[in-house]
Amino acid sequence: MIDDSLWNWKHVWAALPDMLVAFVKVTLLVTFAGSLIAAVLGLVIALIRRSSPKPISAIVTFVMNFVRMTPLVVQLLFVYYAVPSLPGLAVGIIVFGVHYATFMAEVYRAGIESVPKGQWEATTALSMSPARTWIAVIIPQAVRATVPALGNYVISMFKETPFLVTIAVIDMVGAAQKYGGVHFRFTEVFVSAGILFLIASYPTSVLIGRLEKRLAY
Amino acid sequence: MPTESDPLGELGLHTGAVELADGEIPAIRFENVVKQYGSNTVLDGLNFTVRKGDRVTLIGPSGSGKTTILRLVMTLEDSTDGYIFIDGQPLTHIEKDGRRIVLKDKYRFEMRKRIGMVFQQFNLFPNMTVLENIIEAPVHVLGHSKADAITRAHELLEQVGLPDKAKAHPTSLSGGQQQRVAIARCLAMDPEIMLLDEVTSALDPEVVGEVLGILRNIAATTDVTMLIVTHEMQFARDVSNRVLMFDAGRIVEEGSPAEIFDNPQEERTQAFLSAVS
């Protein structure tokens, strides 16, 4: 018998377990690990661009702009096929991390520039070393100024994880598509996927808001 | 002596020189110091000497180069030409075979440790507590133990009248309180030379007195050399033993506070003093 109803809850419940497993194992993993790489690498890029000799910072800037100006999907496919020994999930984490690092680097740059000149002068007046100046004074203040923007990038990274399907990594949306393909029911699973993203994004933005408040002084 | 650029021989009349005892090494000496920003010459061959333990106030209209002098001593900026000596040792440049050579960062770092500065805008680190602000440099620059630094910080907070603010964050303090913490932070480094750059200019009038009172107390109880830029003429009169009047990067007149404030000789000094009082 053909089920030609517009909506059948049976398919939601049937698809949900696989989707949730994929959500935790792929979507969340790639978002968290990718964000971590992006946050740290982004800072490193920002610091190199600011404090290294011209040739090095010029090379870093070029690579950064190159990554920023090519689509994420192209990068995913390129790395996936160029380095066949890497499993898809690792490719996803690395590419998401590096891609977003280039954006976060720009955020950090703005954050570093937002630290008033007087702060730098105070570190000089106290004879603080360059390393201590960065670690104790500049980075804490720069990062605080950048939390909202960094948070937005984490959320947009989270929402772009379905691109992992292009390199055969089954994330939540991939799991939904798979179920839909087998049962020829797409409405229920994609609506569910959308709602899951919404449900997960909201606490993330609340968390970032809290973090912002905690970092305020 | 009259020259082409100085037909009356007046320039350089007040050279900021002081009589030094035999073998006495001055705390600060400027030799023909030039500072230019692009084509704008702020200091033009400035010479002056500050003896150890002196409290020298620099007065003059804005743009006359007073703050620039403090910034050069603090090595926040480099001079364009000339030499600065701290306790007889070159600060940033030396003359070698007739050429002016920049000294290495490591050397400058050692020299800088002997000098402290209090800023107009306080410049406390907002991401640290008051206590952390004060112990940061003693621990990480001078290598003091954290326990010693904390003990000393509490003493200093007592001295500046903020014994209960150690755990507070700078942003929760008033301007006057922040400036007092900044003074404590500067003193924690035990500087030989203290530079005070318009330390009350950003404060509400009613708290200026408390900050100046603390500085008066420091002046009275220590032998730290002070170089002060201020518009508080009464403070300059109370604290300093020498006043240098600047205009356009040159010393126009110099003398004791009584000489400068009560009996200024130069027209520009008279005009300036009547404008600020």
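**Exercise 1. Two helices side by side**

Find how helix α3 and helix α5 of chain B pack in this predicted model, and say which residues meet.

*Solution.* Start with the geometry. Helix α3(B) covers residues 130-140 and helix α5(B) covers residues 175-187; their axes lie 8 Å apart and make an angle of about 25°. Because angles under 35 degrees count as roughly parallel, α3(B) is roughly parallel to α5(B). Next comes the handedness: α3(B) and α5(B) cross in a right-handed sense.

Now look at the side chains. On α3(B), the contact involves V130(B), N133(B) and I134(B), and these meet V181(B), A184(B) and R185(B) of α5(B). Sorted by character, the residues of this contact are four nonpolar, one polar and one charged.

**Exercise 2. The six-stranded sheet**

Trace the sheet of chain B that contains β8 and β12, and work out which strands stand at its edges.

*Solution.* Begin with the order. The sheet is open, its six strands run β8-β9-β10-β3-β11-β12 (chain B), and the pairing is mixed. The edge positions belong to β8(B), residues 115-118, and β12(B), residues 250-255; each has a single partner strand, so one side of each has no neighbour in the sheet. From one strand to the next, the twist averages 20°.

Then take one pair as an example. β9(B), residues 193-197, runs parallel to β10(B), residues 225-229, and five bridges join them. Within this pair, L196(B) has I228(B) as its bridge partner.

Finally, bring back a helix from the first exercise. α5(B) lies across β8 and β9 of chain B and runs at about 175° to β8(B). Because angles over 145 degrees count as roughly antiparallel, that is how α5(B) is directed relative to β8(B).

**Exercise 3. The four-stranded sheet**

Describe the sheet of chain B that contains β1 and β4, and locate the residue with a positive phi in the hairpin of β4(B) and β5(B).

*Solution.* This sheet is open too, with antiparallel pairing and the order β2-β1-β4-β5 (chain B). β2(B), residues 40-50, and β5(B), residues 89-90, are the edge strands, each pairing on one side only.

Move to the inner pair: β1(B) and β4(B) run antiparallel and are joined by five bridges. Here V34(B) stands opposite D81(B) of β4(B).

Next, step across to the edge. β4(B), residues 81-86, and β5(B) are antiparallel and share two bridges, and I86(B) has Q89(B) as its bridge partner. The hairpin has two residues between these strands, and D87(B) is the one to find, with a positive phi near 50°.

A helix covers part of this sheet: α1(B), residues 66-73, lies across β1 (28-37), β2 and β4 of chain B, at about 110° to β1(B).

**Exercise 4. Chain B as a whole, and its partner**

Judge how compact chain B is, then describe the side of chain A that touches chain B.

*Solution.* Chain B has nine helices and twelve strands. Its radius of gyration is 19 Å, close to the 19 Å that the globule rule gives for 277 residues, so chain B is as compact as a globular protein of that length. Along the principal axes, its C-alpha atoms fill a box of roughly 60 × 45 × 40 Å.

Turn to the interface: 15 residues of chain A are in contact with 21 residues of chain B. On the chain A side, α5 (117-125) and α6 (130-160) each supply at least two residues, and α5(A) gives the largest share, six residues. By character, the chain A residues there are eight nonpolar, five polar and two charged.

Technical notes
Residues are numbered from 1 along each chain as its sequence is written. Chains are lettered from A and ligands numbered from 1 in the order in which they are written. This is a predicted model: local features need pLDDT of at least 70, side-chain atom pairs count only at pLDDT 80 or more; totals for chains, interfaces and linings use all residues. Axes are lines fitted to C-alpha atoms, for helices over the stretch in contact, and angles run from 0 to 180 degrees between N-to-C directions. Angles under 35 degrees count as roughly parallel, over 145 as roughly antiparallel, 65 to 115 as roughly perpendicular and the rest as oblique. A crossing is left-handed if the near helix is turned anticlockwise from the far one by less than a right angle, and right-handed if clockwise. Two residues are in contact if their C-beta atoms, placed from the backbone, lie within 7 Å. Ala, Val, Leu, Ile, Met, Phe, Trp, Tyr, Cys and Pro count as nonpolar, Asp, Glu, Lys and Arg as charged, and the others, Gly among them, as polar. Two strands pair if DSSP finds at least two bridges between them. The radius of gyration is taken over C-alpha atoms; the globule rule is 2.2 Å times the number of residues to the power 0.38.
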